[in-house]
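Thanks for coming. I will take a few minutes to walk through the model that is about to go up on the screen.

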Amino acid sequence: MIKVKGLSKSFKKNQVLKSISTEIGEGSVVAVIGPSGSGKSTFLRCLNGLETATEGNIWVSGEEITSPKANLAKIRENIGMVFQHFHLFPHMTVLENITFAPIQVKGKSKQDAEKIGQELLAKVGLSEKANAYPSSLSGGQKQRVAIARALAMEPKMMLFDEPTSALDPEMVKEVLDVMKSLIHTGMTMAIVTHEMGFAKEVADRILFLDGGVIVEDATPEVFFSSPKSARAQDFLAKVL
Amino acid sequence: MGFDFSRLVPSIPFILEGIWFTLTVVVGGAALGLLIGMILSFMRISKNRVLDGIAAGYTSIFRGTPLIVQLVLLYYVLIDLTGIDLGLYWSTILALGLNSGAYMAEIIRAGILAVDKGQSEAAMALGVPYSKIMGKIIMPQALKNILPAIINELTALTKESAIVNIIGAQDIMRRSMLVGMRNFRFIEPMLLAAAIYYVLVMIISSIGKLVERRLAKSDQS
C-alpha cells in the first residue's frame, strides 16, 4: 500500500527525519510511537504530501507521491487524515463538513453525499448532531465527526495524527472505539499515538521512532515485552 | 452671530442631491477596492516572489501617498499625458478604488493569514483543489473575521470621499461649499454636510453590524 525509501525531511537546518525506509501493507494497522520531537508526526504528514520530502521516495498504491509530477490532490482522495486538533470547518454544519469533499471533489450529488454522510454519522454515533455547528460539540464529538469526514471520501487508508492527544481523558475512549470499529472493517491505518494500551491492543506493528530514525519495527508483543534498543526500553520505562 | 438656517433652506435640495454622487462613488470605489484588494492579497500570499513584490510595491505607494495627490494625478495628469479623459465621475471612482484597494489588500491578507493553517491542511488532505480551498474554506472564514475592518474602511472611504471636491466633483462637500460661497456663510451648509456624512456613516455601520450578527450564527454554542 505504502512504500517509503530513504525518506529524509529537514526544516531549514533541523533534520527531522533521517533516511527512513519502511512499508505499510494493505489492511495492516501500524502504530507510530516515540518521544515528542522524534519526527513521528512529520513522518505521517509526508505520507500524504502535507510535508514535502527533502530526500527519498514514497509510493502510495504504486504511485510515487514524491515525484514532482504527482497529482497530490488525486492521491489524497484515497488517504484520509485525522488531526490532533480536528480542523473541522467552523462555518459549516456537521453534515456539511462531511459532504463537502464528496460533493466538491468527487462531484457527488447533494442527496447521495448526504445519504452517505448520515450513514457515517450513525456509525460514529452522532446522527442527532447533523445540523449542529462544530463549535457546539465536545472534543470527542468533533474528532468523531472528523473521522466521518475523512471516511466520506471512501479512502483506502487512514492516517491518524495523535487523534486523542487534545481530548479530555473521559472522551478518549469514544474516539478509540470508533477507530477500533474501523479496524474491524479491514482499513489500512497508520496511527501516531501516545495511547500505549491502544497501540498494544490494536496494532499489527509498532514503529518506534527516535531522533528521526526508526529505532524498532516489531509486533506489539515483542516491542512491549522485550524491546531490543536501550532507547525504546528507556521510553517504555517512562510511559508505562 | 448665531445660526441662521433660513437662507440655507432654499439650497438644501441642492446639497442633498450630492448624496447620490457621494454614495455611488463610494460604493463604486469600495467595490473596485475590494476586487483590487482581493487580487493583491492573493498575490501577497502566493509563493511567487515577483507577484508578491508587485503587490507589496503597489500597497506601499498607495498607502504612502495622500489620496488627494493620487486623485489630482489621475484626473489632471492622465489627461495631459495620454489625452484620456475619464470624466469627474469615473476618475473619482477609480482613484477611490485604487487607493482603497491598497488598504483592503492588507486587511484581507491579514484575514487570510489569521485562518488556522489546519483548515487548509484538512481540506488538502481531503483532496480539495487550491481554488476551492481558498473560495469555500479560507475566504468565508477570513471575510467573516475582517468584516469589522472592511466596514471601518467603508466609513473611512465615505468621509475621505469629501476631498473629491478638489477636482470639482459635485459631491456633498462641493455643493455645501458652493452654497457657503454664494451666501457668504459657511457654518450652516457645513453643519448640514457634517450631518449628512454622519448619517451615511451610521447607516453603513449598522448594516455592517447586521451582517456580522447574521454571520455569527455558526458561533452559537
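Before I start, one convention on residue classes: Ala, Val, Leu, Ile, Met, Phe, Trp, Tyr, Cys and Pro count as nonpolar, Asp, Glu, Lys and Arg count as charged, and the others, Gly among them, count as polar. With that in hand, the lining of the largest cavity has 4 charged, 3 nonpolar and 1 polar residues. Please keep in mind throughout that this is a predicted model.

Let me stay with that cavity. How many cavities of 30 Å³ or more are there? The count is 1. The volume of the largest cavity is about 40 Å³. Two elements of chain B each give two or more residues to its lining, namely helix 7, residues 172–183, and helix 8, residues 187–215. On the charged side of the lining you will find B:D4, B:R7, B:R185 and B:E188. The nonpolar residues there are B:L8, B:V179 and B:P189, and the polar one is B:N183.

Now the pocket. The largest pocket holds about 700 Å³ of space. It is lined by 20 residues, and those closest to its centre are B:K47, B:K117, B:S120, B:M124 and B:Y130. Which elements give two or more residues to this lining? They are helix 4, residues 87–114, helix 5, residues 117–125, and helix 6, again of chain B. By class, the lining of the largest pocket divides into 12 nonpolar, 6 charged and 2 polar residues.

Next, chain B as a whole. There are 8 helices and 0 strands in chain B, so the order of elements from the N terminus is easy to read out: α-α-α-α-α-α-α-α. The C-alpha trace of chain B spans about 70 × 50 × 25 Å along its principal axes. Chain B has 221 residues, and 44% of them count as buried; the cut-off for buried is under 20% relative accessible area. The area that chain B exposes is about 11500 Å², and 69% of this comes from carbon and sulfur atoms. As for contacts in chain B with a separation of 6 or more, 77% are between residues 24 or more positions apart.

Two residues of chain B show what burial looks like here. The first one I picked is B:T92, in helix 4. Is B:T92 buried or exposed? B:T92 counts as buried because its relative accessibility is 0%, and the cut-off is under 20%. Leaving out residues up to four places away in sequence, B:T92 touches B:F21, B:V25, B:L71, B:V164, B:I167 and B:A169.

The other one is B:A142, in helix 6, which covers residues 130–160 of chain B. B:A142 is also buried, with a relative accessible area of 0%. Its contacts, again without residues up to four places away in sequence, are B:G111, B:I112 and B:V115. From B:A142 to B:D116 the C-alpha distance is 10.0 Å, and the two are 26 residues apart in sequence.

Over to chain A, starting with a sheet. It is an open sheet of 4 strands in the order 2-1-4-5, with antiparallel pairing. Strand 2, residues 14–24, and strand 5 are the edge strands, each pairing on one side only. In general, strands of a sheet pair through backbone hydrogen bonds, either parallel or antiparallel.

Going through the pairs, strand 1, residues 2–11, runs antiparallel to strand 4, residues 55–60, and 5 bridges join them. As an example, A:V4 has A:I58 in strand 4 as its bridge partner. Strand 4 also pairs with strand 5, residues 63–64, in the antiparallel sense, over 2 bridges. In that pair, A:V60 stands opposite A:E63. Strands 4 and 5 form a hairpin with 2 residues between them, and A:S61 in the turn has a positive phi of about 50°.

My last residue is A:L209, in strand 9, residues 205–210 of chain A. A:L209 is buried, at a relative accessible area of 0%. Not counting residues up to four places away in sequence, A:L209 has contacts that include A:L17, A:I20, A:V32, A:I33, A:F43 and A:I214. Also among them are A:G34, A:P35, A:S38, A:G39 and A:K40. How far is A:L209 from A:C46, C-alpha to C-alpha? The separation is 15 Å, and the two lie 163 residues apart along the chain.

That is what I have for today.

Conventions:
Residues numbered from 1 in each chain as written. Chains lettered and ligands numbered in written order. Predicted model: local features only at pLDDT ≥ 70, side-chain atom pairs only at ≥ 80, totals over all residues. Heavy atoms only, no water. 1 Å grid on protein atoms, 1.4 Å probe; cavity = no way out; pocket = protein on both sides within 12 Å on 5 of 7 lines; lining within 4 Å. Points joined across faces, edges and corners; volume = space filled by probe spheres on them. Buried < 20%, exposed > 50% of the residue type's maximum accessible area, 1.4 Å probe, protein only. Contact = heavy atoms within 4.5 Å. Pairing = 2+ DSSP bridges. Areas by Shrake-Rupley, 256 points an atom, 1.4 Å probe, with all protein chains shown as cover.
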